[in-house]
Structure formats: structure tokens, C-alpha cells
Amino acid sequence: MNIKVEFLGPLAREAWHVNVDNLKELRFLLRRNDEILAWLDECAIVINDEIITNLDYPLVEGDVVMLLPPVCGG
């Protein structure tokens with residue numbers, strides 16, 4: 001299924017549109033990019049504005065997945 005992946009904070013880049021069935025497949029694709037890999041284990045995963053902690057979460061056509069690295073602020 002086609003989903004959109006958005007990269008926030010220091011990962012900022014153009015969104016990806018990918019065809020994957022689940023978050024495990026998406027993680028495999030993301031790990032192939034060294035810049036993303038450096039942040040991947042620290043990122044929160046958000047799907048359609050909901051934080052997800054289970055990589056078995058079922059994706060649906062058109063989902064928007066956001067990678068949210070930890071951010072310091074003041």
C-alpha cells in the first residue's frame with residue numbers, strides 16, 4: 001500500500017511515498033539511508049497524528065507516517 005513518510009526536525013527532507021505493508025518493511029527501507037539510520041532508534045513514530053510503539057501496527061492505504069526525533073527546546 002502507498003503511504004507517505006514525513007521527516008521532522010533535524011531529519012528534515014522531502015517526504016517519501018513508499019509502498020510497504022507494515023512498519024517493519026518501512027524500517028528496513030529507512031535503515032538503508034545512513035543519515036536516517038543515525039536517528040532512527042531515537043525517533044518517535046507517529047501515524048496519522050497518533051504515536052505508535054508497536055511495529056506490528058497495521059498500515060492502511062494513504063497513511064501518513066512521521067519520524068519525530070527528540071527535540072530540545074526552551
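Visitor: Which elements each supply at least two residues of the lining of the largest pocket?

Guide: α1 and β5 do. The name α1 marks a helix (a DSSP run of H or I, at least four residues) and β5 a strand (a run of E, at least two), numbered from the N terminus. This is a predicted model, in which local features need pLDDT of at least 70 and side-chain atom pairs count only at pLDDT 80 or more, while totals for chains, interfaces and linings use all residues. Residues are numbered from 1 along each chain as its sequence is written, and side-chain values use heavy atoms, with hydrogens and water left out.

Visitor: What makes it a pocket and not a cavity?

Guide: A pocket is an open set of points on a 1 Å grid over the protein atoms alone, with protein on both sides within 12 Å along at least five of seven lines, whereas in a cavity a 1.4 Å probe fits but cannot get out. The largest pocket holds about 180 Å³ of space. Its lining has 13 residues, and Arg27, Leu40, Cys43, Ile45 and Leu55 are the closest to its centre. They count as lining because each has an atom within 4 Å of a point. α1 gives the most, with four residues.

Visitor: Why are β2 and β4 called edge strands?

Guide: Each pairs on one side only, where pairing takes at least two DSSP bridges between two strands. The open sheet runs β2-β1-β5-β3-β4, with mixed pairing, and its twist averages 30° from one strand to the next.

Visitor: How do you know that β1 and β2 pair?

Guide: Five bridges join β1 to β2, set against a threshold of at least two, so the strands pair. They run antiparallel. Asn2 has Asn19 of β2 as its bridge partner, and Ile3 stands opposite Val18 in β2. Their hairpin has five residues between the strands, and Gly9 there takes a positive phi near 60°.

Visitor: What makes the 18 residues a nonpolar core?

Guide: They are buried (under 20% relative accessible area, 1.4 Å probe, protein chains only) and are Ala, Val, Leu, Ile, Met, Phe, Trp, Tyr or Cys joined through side-chain atoms within 4.5 Å. Ile3, Leu26 and Leu67 have the most contacts inside this core. β1, α1, α2, β3 and β5 each supply at least two of its residues.

Visitor: Which residues beyond four places in sequence does Leu67 contact?

Guide: Among them are Phe7, Leu30, Ile36 and Ile45, contact meaning heavy atoms within 4.5 Å.

Technical notes:
Buried < 20%, exposed > 50% of the residue type's maximum accessible area, 1.4 Å probe, protein only. Axes fitted to C-alpha atoms, helices over the stretch in contact; angles between N-to-C directions. Points joined across faces, edges and corners; volume = space filled by probe spheres on them.
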